[in-house]
Amino acid sequence: MIQSRTICATAVLLGATLATAAVPAVAAPPAAATACPTGWGSGDKAAGAATAESVRNVRAGRHDCYDRMVVDVPGAARGDLGYSVRYVDRLHQDGSGRHIPVSGGAVLEVRVTAPAYDPGTGAATYPARAGRPLPGVDLTGYRTFRDARFAGSFEGDTQLGLGVRGRLPFRVQQLDGRLVIDVAHTWTGAAR
């Protein structure tokens, strides 16, 4: 009797195992695609204001939908951070007119109406050199950004060149103490 119970229990377990194996696996639902903002356009963007606060740093970051550049101007109020951001055929340094080569399929000229030096002493507040890559900005692995160059700081304005993959939509945001430039990865509004 014990032997027949063992045989029955084994048969039930075997049947349950075979039934489970015969049921097809259900695939997990696909991950939702990230909806990216659209409508920024690629036209010139500007805000007229100026600050005597100095540029202290420039940094970059990667996001699902765009690459971001941040120009840090501590102490500057949001409304005092003027700028001009536009696509140019070639980047030319203010004052001298010297061509600054910038790699990429397109070049964004970024002008911030804040000096990269102390207006009282003339001492540099951001350790960059004209024509050179931005210090501390490593664009390895970025989807959109290709190059970032310092053009100079002249008469209270700081000029940067941002090389991007192509002429893509971008936006500019004024925040307390910083100017933010986002360049989209695509025109379609979908992350890849």
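**Cores, rings and hairpins in a predicted model**

Biologist: Which residues touch the most other members of the largest nonpolar core?
Modeller: Bear in mind that this is a predicted model. The largest nonpolar core holds 35 residues. Among these, the ones touching the most other members are Leu-134 and Val-183.

Biologist: Which element gives the most to this core?
Modeller: Several strands give two or more residues to the core, including S3 (66-72), S4 (83-88), S8 (145-154) and S9 (157-164). S10 (170-175) and S11 (178-184) are on that list too, as is S7 (106-112). With four residues, the top contributor is S7.

Biologist: What does Leu-134 touch, leaving out residues up to four places away in sequence?
Modeller: Leu-134 is one of the two residues with the most partners inside the core. Its list isn't purely nonpolar by name, as Arg-149 is on it. The full set is Val-58, Met-69, Tyr-126, Ala-148, Arg-149, Phe-150 and Leu-160.

Biologist: How many residues make up the second, separate core?
Modeller: This one includes Val-88, Leu-91, Val-102 and Val-107. Those names are just part of the set, and the total is six.

Biologist: Let's look at Val-102, then. Is it buried or exposed?
Modeller: Val-102 sits in the loop between S6 (99-100) and S7. The cut-off for buried is under 20% relative accessible area. Val-102 comes in at 15%, so it counts as buried.

Biologist: How far apart in space are Val-102 and Leu-91, C-alpha to C-alpha?
Modeller: Leaving aside neighbours within four places, Val-102 is in contact with Leu-91, along with Val-107, Asp-147, Arg-149, Gly-161, Leu-162 and Gly-163. In sequence, Val-102 and Leu-91 are eleven residues apart. Their C-alpha to C-alpha separation is 7.3 Å.

Biologist: On to the rings. Is the pair of Tyr-87 and Phe-170 stacked or edge-to-face?
Modeller: The structure holds four aromatic pairs, and this is one of them. The ring centres are 5.6 Å apart, with 75° between the planes. An angle over 60 degrees is what counts here, so the pair of Tyr-87 and Phe-170 is edge-to-face.

Biologist: How many residues apart are Tyr-87 and Phe-170 along the chain?
Modeller: Both Tyr-87 and Phe-170 are buried. Tyr-87 belongs to strand S4 and Phe-170 to strand S10, and their pair links distant parts of the chain. The separation is 83 residues.

Biologist: Which residue has its charged end over the ring of Phe-170?
Modeller: There's a charge over a ring elsewhere too: Arg-62 lies over the face of Tyr-142, at 5.3 Å from the ring centre. For Phe-170, the charged end is 3.9 Å from the ring centre. That residue is Lys-45.

Biologist: What is the bridge partner of Phe-170 in S11?
Modeller: S10 and S11 pair in the antiparallel sense, over six bridges. Their hairpin has two residues between the strands, and Gly-177 takes a positive phi near 80° there. Across from Phe-170, the partner in S11 is Val-183.

Biologist: Now for the hairpin of S8 and S9. Which residue takes a positive phi there?
Modeller: S8 and S9 run antiparallel and are joined by eight bridges, with Asp-147 standing opposite Gly-163 in S9. The hairpin has two residues between the strands, and the positive phi is near 50°. The residue in question is not a glycine; it is Glu-155.

Biologist: Is Glu-155 buried or exposed?
Modeller: Glu-155 is placed in the loop between S8 and S9. Exposed requires over 50% relative accessible area. With 68%, Glu-155 is exposed.

Biologist: How many residues of S8 are buried?
Modeller: S8 has ten residues, and it is largely enclosed by the rest of the structure. The buried count behind that is seven.

Biologist: What is the relative accessibility of Gln-159?
Modeller: Gln-159 lies in strand S9. Its contacts beyond four places in sequence include Leu-91, His-92, Glu-109, Val-110, Phe-150 and Ala-151. Gln-159 counts as buried, at 1%.

Biologist: Zooming out, how many strands does the chain have?
Modeller: Along the sequence, the pattern opens with α and carries on in β. The protein chain has 192 residues, of which 41% count as buried. Next to one helix, the strand count is eleven.

Key
Residues numbered from 1 in each chain as written. Predicted model: local features only at pLDDT ≥ 70, side-chain atom pairs only at ≥ 80, totals over all residues. Heavy atoms only, no water. Core = buried A, V, L, I, M, F, W, Y, C linked by side-chain atoms within 4.5 Å. Buried < 20%, exposed > 50% of the residue type's maximum accessible area, 1.4 Å probe, protein only. Contact = heavy atoms within 4.5 Å. Phe/Tyr/Trp six-rings, centres within 6.5 Å; stacked < 30°, edge-to-face > 60°. Lys NZ or Arg CZ within 6 Å of the ring centre and 35° of its normal. Pairing = 2+ DSSP bridges.
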